[in-house]
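Please work through the following exercises with the sequence and the structure at hand. Each task is followed by a solution in steps.

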Amino acid sequence: MKTDESKKKTHRNRNDLIGEHKTGDAGQAVFAIIFAVVWIADSFFLNFSTWLNDLVPNIIRAPAGILVLIVAGLFARSGMNTVFNEVREKPEIIRKGVFGIVRHPVYLGEILLYLGMLFISMSVASAGIWILIVLFLHYIARYEEKLLTGHFGEEYRKYMEAVPMWIPKISKLFTKP
């Protein structure tokens, strides 16, 4: 028998979660590997598409990349903690915390993670992979929103109207919920 603590560690078989795309996790893993291989190969060994590094100096790229990586970590960690560290009685629309700022903070954190790495190396080849990752994450996010709309109906549609999918409203970032 699983304890409440062990239930928090996995998202499989949780009655309080609606669901996700069946290939979402595998697709994210495949894209992460592809991105890492292309980014490392291009940025550190082959340098076949890093010509933008000559246009944008390290003094700009490094701080920008690090800032984006920090924001990525905040979105992803906050979103993961809100969803997976709290077992609810039944499914509910999560509006608190980062879910009051964007509807898909974990996916946004993933997008920003790769973007931060791109700022650091300016690899055009990696940017192409990043675009594919963004399209894939958008696809699985839309799929999950269909599941949520099917389950919660009008309540979720109102949430979608109030909270942006990807780009936070600036005013929401500086106001308390």
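**Exercise 1.** Determine whether Thr82 is buried or exposed, and place it in its surroundings.

*Solution.* Step 1: the criterion is that buried means under 20% relative accessible area, exposed over 50%, and partly exposed in between, with a 1.4 Å probe and protein chains only. Step 2: the relative accessible area of Thr82 is 12%, so Thr82 is buried. Step 3: Thr82 belongs to helix α3, residues 58-84; helices (H or I, at least four residues) and strands (E, at least two) are DSSP runs, numbered from the N terminus. Step 4: apart from neighbours within four places in sequence, Thr82 is in contact with Arg88, Ile94, Lys96 and Phe99, where contact means heavy atoms within 4.5 Å.

The model is predicted: local features need pLDDT of at least 70, side-chain atom pairs count only at pLDDT 80 or more, and totals for chains, interfaces and linings use all residues. Residues are numbered from 1 along each chain as its sequence is written, and side-chain values use heavy atoms, with hydrogens and water left out.

**Exercise 2.** Describe the position of Tyr156 and list what it touches.

*Solution.* Step 1: Tyr156 is found in helix α6, residues 154-162. Step 2: its relative accessible area is 4%, and therefore Tyr156 is buried. Step 3: when residues up to four places away in sequence are not counted, Tyr156 touches Ile93, Arg103, Glu145, Leu148 and Thr149. Step 4: from C-alpha to C-alpha, Tyr156 and Ile94 are 10.0 Å apart in space, while in sequence they are 62 residues apart.

**Exercise 3.** Which residues touch the most other members of the largest nonpolar core?

*Solution.* Step 1: a nonpolar core is a set of buried Ala, Val, Leu, Ile, Met, Phe, Trp, Tyr and Cys residues joined through side-chain atoms within 4.5 Å. Step 2: the largest such core has 35 residues, of which Phe35, Phe75, Leu112, Ile133, Leu137 and Trp166 touch the most other members. Step 3: at least two residues of this core come from each of α2 (24-46), α3, α4 (105-121), α5 (124-152) and α6. Step 4: beyond four places in sequence, the residues touched by Phe35 include Tyr114, Met117 and Trp130.

**Exercise 4.** How many aromatic pairs does a search of the whole structure find?

*Solution.* Step 1: rings of Phe, Tyr and Trp (its six-membered ring) pair if their centres lie within 6.5 Å; planes under 30 degrees apart count as stacked, over 60 as edge-to-face and the rest as tilted. Step 2: the search finds four pairs. Step 3: one of them, Phe31 with Phe136, is tilted, at 5.4 Å centre to centre and 45 degrees between the planes. Step 4: because Phe31 lies in helix α2 and Phe136 in helix α5, this pair ties together parts that are 105 residues apart in sequence. Step 5: Trp39 and Phe44 form an edge-to-face pair, with 5.3 Å centre to centre and 85 degrees between the planes. Step 6: Trp39 counts as buried at 12% relative accessibility, whereas Phe44 is exposed at 52%.

**Exercise 5.** Characterise the protein chain as a whole.

*Solution.* Step 1: the protein chain contains seven helices and zero strands. Step 2: along the sequence, the pattern is α-α-α-α-α-α-α. Step 3: 38% of its 177 residues count as buried. Step 4: among contacts with a separation of 6 or more, 78% join residues 24 or more positions apart.
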